[in-house]
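Subject: Structure handover

Hello,

Here is the structure I promised to pass on. My notes follow below it.

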Amino acid sequence: MVYRDEMLPCEKCGKKFIYTVEEQRAQGMMGLEKESPALCPSCRESGELGPGLHPGLVKWFSESKGFGFLVQADGSEVFFHQSGVVGDLQVVEQENAPIWYEVKETDRGLKAYNVHVRE
Ligand SMILES: [Zn+2]
């Protein structure tokens, strides 16, 4: 698989941005099909990944703490609470477990919910 930087227009603000080799590689490592992001990094940072489910990996989750972090396809991390986990908590206790999640903006930053296993 050969990666190269790609120039893409943001669907939200219309600015051109670079879909970097690093991001493409991160997606590859997650076992995902290469999928160009629709939004530029600054629109993505504003929490507007768009509605629906996004693929990610568990970075870590502690049932005793009741929360953890996941890694998004662009390599950034998002907090999630056990109340945002759907189904078996044991699955998300495994590092690098592939998951689906949704995100929302809260007073304390981005938070993932509807976290569940990606099979
Ligand atoms: Zn944008």
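Please keep in mind that this is a predicted model. Mean pLDDT for the protein is 87, and 93% of the residues reach 70 or more. Strand β5 (residues 77–81) has the highest confidence, at a mean of 95, while helix α2 (residues 41–45) has the lowest, at 77. Where pLDDT is low, the predicted coordinates should not be read in detail.

**Zinc site**

The zinc ion has four protein donors: the SG atoms of Cys-10, Cys-13, Cys-40 and Cys-43. They lie 2.2 to 2.4 Å from the metal. The angles among the 4 donor atoms run from 104 to 114°, and the site is tetrahedral. Tetrahedral here requires all angles to fall between 85 and 135 degrees, so this site qualifies. The donor spacing in sequence reads C-x2-C-x26-C-x2-C.

Is Cys-10 buried or exposed? Cys-10 is buried, because its relative accessible area of 5% is under the 20% limit. Cys-13 is partly exposed, at 37% relative accessibility.

**The β1–β2 hairpin**

Strand β1 (residues 6–9) and β2 run antiparallel and are joined by 4 bridges. One of the pairings puts Met-7 opposite Ile-18 in β2. The hairpin has 6 residues between its strands. Gly-14, in the turn, has a positive phi of about 85°.

Strand β2 (residues 16–19) has two distinct faces. Phe-17 and Tyr-19 make up the covered face. Lys-16 and Ile-18 are on the uncovered one.

Tyr-19 turns up again among the contacts of Gln-27. Gln-27 belongs to helix α1 (residues 21–29). Gln-27 is buried, because a relative accessible area of 10% is below the 20% cut-off. Leaving out residues up to four places away in sequence, Gln-27 touches Tyr-19, Leu-32, Glu-33, Lys-34, Glu-35 and Ala-73.

**Nonpolar cores**

The largest nonpolar core has 14 residues. Which of them touch the most other members? They are Leu-70, Phe-80, Val-92, Ala-112 and Val-115. Two or more residues of this core come from each of β3 (54–62), β5, α3 (89–92), β6 (98–106) and β7 (109–117). β6 gives the largest share, 3 residues.

Ala-112 is worth a look on its own. Its contacts are Leu-70, Val-78, Phe-79, Phe-80, Tyr-101, Glu-102 and Val-103, again without residues up to four places away in sequence. Another core, of 7 residues, lies apart from the largest one. Leu-8, Tyr-19, Cys-40 and Cys-43 are among its members. Cys-40 and Cys-43 are also zinc donors.

**Around β5**

β5 pairs with strand β4 (residues 67–72) in the antiparallel sense, over 5 bridges. Val-71 has Glu-77 as its bridge partner in β5. The β4–β5 hairpin has 4 residues between the strands. Gly-75 there takes a positive phi near 95°.

β5 also joins β7, this time in parallel, through 2 bridges. Phe-79 has Lys-111 as its bridge partner in β7.

The faces of β5 differ in cover: Val-78 and Phe-80 are on the covered one, and Glu-77, Phe-79 and His-81 on the uncovered one.

**Asn-96, Asn-114 and Ser-83**

Which backbone value is of note at Asn-96 and at Asn-114? Phi is positive at Asn-96, near 70°, in a residue other than glycine. Asn-114 is likewise not glycine, and its phi is positive too, near 50°.

Asn-96 sits in the loop between α3 and β6. It counts as exposed, because its relative accessibility of 51% is over the 50% cut-off. Asn-114 lies within strand β7. It is partly exposed, because 24% falls between the 20% and 50% limits.

Ser-83 is in the loop between β5 and α3. Ser-83 counts as exposed, at 60% relative accessibility. Its C-alpha atom is separated by 19 Å from that of Glu-95, 12 residues away along the chain.

Best wishes

Notes:
Residues are numbered from 1 along each chain as its sequence is written. This is a predicted model: local features need pLDDT of at least 70, side-chain atom pairs count only at pLDDT 80 or more; totals for chains, interfaces and linings use all residues. Side-chain values use heavy atoms; hydrogens and water are left out. Donors are N, O and S atoms within 2.8 Å of the metal (3.2 Å for Na, K and Ca); water is not among the atoms, so sites may look incomplete. Four donors count as tetrahedral if all angles lie between 85 and 135 degrees; four count as square planar and six as octahedral if opposite donors are over 155 degrees apart and all others between 65 and 115; anything else is irregular. Buried means under 20% relative accessible area, exposed over 50%, partly exposed in between (1.4 Å probe, protein chains only). pLDDT is the predictor's confidence in each residue, from 0 to 100. A nonpolar core is a set of buried Ala, Val, Leu, Ile, Met, Phe, Trp, Tyr and Cys residues joined through side-chain atoms within 4.5 Å. Contact means heavy atoms within 4.5 Å. Two strands pair if DSSP finds at least two bridges between them.
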